[in-house]
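Please open the model in your viewer and keep the sequence panel at hand. The tour below proceeds selection by selection.

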Amino acid sequence: MDEPTPPPPSPWRPPPSDGGRSAALVFGVIILLVGLWFFATHTLGLDLPRLDWDQLWPIALIVVGGWIVLNAMRQRTR
């Protein structure tokens, strides 16, 4: 008896997942920059402008949100 031929493979494949590495990279860079800023001002005594947390946290949210949107758009175009 002839065996039926298997169906052809589907051309659509789900996009590869980065496993959260992009978000971890963004958070790591933000934490690194804030740590370097405080190290430079407090330990090295450099006269850098004072960080005002009331103005800093919205900028961090904008950066993280922009990164997420750009990654989502980049994955759709693949």
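The stops that follow move from the whole chain to its helices and then to a surface patch.

**Whole chain.** Begin by selecting the protein chain of this predicted model. Colouring by secondary structure should show two helices and zero strands. Now display the surface: about 7,200 Å² is exposed, and carbon and sulfur atoms supply 69% of that area. How much of the chain is buried? Of the 78 residues, buried ones make up 6%.

**Helix 1.** Next, select residues 21–43, which form helix 1. A distance drawn between the end C-alpha atoms of helix 1 should read 31 Å. The 23 residues, at 1.5 Å a residue, should span 33 Å, so the two values agree. Within helix 1, highlight Ser22, Val26 and Ala40, which are buried.

**Just after helix 1.** Step on to Gly45, which lies just past the end of helix 1. The backbone of Gly45 has a positive phi of about 70 degrees.

**The nonpolar patch.** Then select residues 53–76, which form helix 2, and keep helix 1 in view. Which residues form the nonpolar patch on the surface? Select Leu25, Val29, Leu32, Leu33, Leu36, Trp67 and Ile68; together they have about 660 Å² of accessible area. Both helix 1 and helix 2 supply at least two residues of this patch. The largest share, five residues, comes from helix 1. To finish, centre the view on Leu32, a member of the patch that is found in helix 1.

Technical notes
Residues numbered from 1 in each chain as written. Predicted model: local features only at pLDDT ≥ 70, side-chain atom pairs only at ≥ 80, totals over all residues. Heavy atoms only, no water. Patch = residues over 30% accessible without salt bridge, like charges linked within 9 Å, V, L, I, M, F, W, Y side chains within 5 Å. Areas by Shrake-Rupley, 256 points an atom, 1.4 Å probe, with all protein chains shown as cover. Salt bridge = Lys/Arg side-chain N within 4 Å of Asp/Glu carboxyl O. Helix = DSSP H or I, 4+ residues; strand = E, 2+ residues; numbered from the N terminus. Buried < 20%, exposed > 50% of the residue type's maximum accessible area, 1.4 Å probe, protein only. Expected span 1.5 Å × (residues − 1).
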